[in-house]
There are 2 protein chains.
Amino acid sequence: MEQRISLVTLGVVNLGRATEFYRALGWSPGVVIDDEVVFFQAGGAIVGLWDRGKLAADSAVTDRGGWGGITLAHNVGSPAEVDDVIAQARAAGARIGREPAATDWGGYSGVFIDPDGHPWEVAHNPGWSLDETGAVRLA
Amino acid sequence: MEQRISLVTLGVVNLGRATEFYRALGWSPGVVIDDEVVFFQAGGAIVGLWDRGKLAADSAVTDRGGWGGITLAHNVGSPAEVDDVIAQARAAGARIGREPAATDWGGYSGVFIDPDGHPWEVAHNPGWSLDETGAVRLA
């Protein structure tokens, strides 16, 4: 198995609400299938939005609700950009789980929670490189 | 907010067990921090393994256990490669949630569940392109 992720699918309760939230963050859907699935090109990967119950069944897991041990992160080039993205998420209606601040690992980050409870850390990590395509590399 | 994912952190109960599982799939850790966090370079993104309780606290969410509405996928170039990766996951001790088979969306996929309950769909989607770097693009 190669070392890569192709697709991250986020289970949602209301596809329209979730799509509008990501649109408000500046994202544009690349493909919409039968008003049921929305795919966004996300760098060299894809982010999907799909009904959470259908995703659970398709994934062969039981859904007890709430968070399930996966957190996404979006890295940016500076602390100021962290502030900007968190402000944008707040304006889009996200709950801000953690206000932007210096972290104990030497970076700067904040957390927003999307309308379906999926947390995104927005981070500046000076130890990782971020190229012009948005790809992130370990030091 | 740019359209990309930098990092996917998987909450784990036992870091050693989780690391060995991904090693058995052929992955090599890029950075290990204080025997507490393991990062794998995963294409232009990064996959992290970290204590699930600490990840929940850092993510400002409550953990009720179980799956939480996020499923990862690993796309490959052919149905035969789906079979190969699912066989590799089975040999590494994964639960196979769904045996490889043709899907109603015109592809071929199976699902394995990692030792911490995180599902991965392994898929061949003839409608998406997969380049030599492993990047996936919507049609």
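## A strand pair across the interface

Let's start where the two chains meet: strand β1 of chain A, residues 7-12, runs antiparallel to β5(B), and the pairing takes in four bridges. What is the bridge partner of V8(A) in β5(B)? That would be L72(B). Keep in mind that this is a predicted model.

## The wider interface

Zooming out from that strand pair, the contact draws 61 residues from chain B and 61 residues from chain A. On chain B's side, strand β5 (residues 70-75) gives the largest share, with six residues. Sorted by class, that side of chain B has 29 nonpolar residues, 23 polar ones and nine charged ones.

Which surface does each copy use? Every bit of the chain B interface, 100% of its residues, is also interface in chain A, so the copies meet through the same surface.

## How the copies are related

To lay chain B on chain A, you rotate by 180 degrees with 0.0 Å of shift along the axis, and the RMSD comes out at 0.0 Å. The two copies are thus related as by a two-fold rotation axis.

If you want to find that axis in the viewer, go to G68(B). Of the residues of chain B, G68(B) comes closest to the axis, with its C-alpha at 1.7 Å.

## Inside chain A

Now for a single chain. Chain A has three helices and ten strands. Read from the N terminus, the order of its elements is β-α-β-β-β-α-β-α-β-β-β-β-β. Its radius of gyration is 15 Å, close to the 14 Å that the globule rule gives for 139 residues, so chain A is as compact as a globular protein of that length. Along the principal axes, its C-alpha atoms fill a box of roughly 40 × 35 × 30 Å.

## Two domains and where they touch

The domain assignment splits chain A into domain 1 (1-61) and domain 2 (71-130). Taken over C-alpha atoms, the centres of these two domains in chain A are 20 Å apart. Their contact uses ten residues from domain 1 of chain A and nine residues from domain 2 of chain A.

Which elements of domain 1 give two or more residues to the side that touches domain 2 in chain A? They are β1 and α1 (15-24) of chain A. So β1 of chain A turns up twice in this report: in this contact between domains, and in the pairing with β5(B). The domain 1 side of the contact within chain A is made up of eight nonpolar residues, one polar and one charged.

## How confident is the prediction?

Chain A has a mean pLDDT of 97, and 100% of its residues reach 70 or more. For the model as a whole, the scores are ipTM 0.97 and pTM 0.97.

Terms used
Residues numbered from 1 in each chain as written. Chains lettered and ligands numbered in written order. Predicted model: local features only at pLDDT ≥ 70, side-chain atom pairs only at ≥ 80, totals over all residues. Contact = placed C-beta atoms within 7 Å. Nonpolar A, V, L, I, M, F, W, Y, C, P; charged D, E, K, R; others polar. Pairing = 2+ DSSP bridges. Least-squares fit on C-alpha atoms with pLDDT ≥ 70 in both. Domains from an automatic or database assignment. pLDDT = per-residue confidence, 0-100. Rg over C-alpha atoms; globule rule 2.2 N^0.38 Å.
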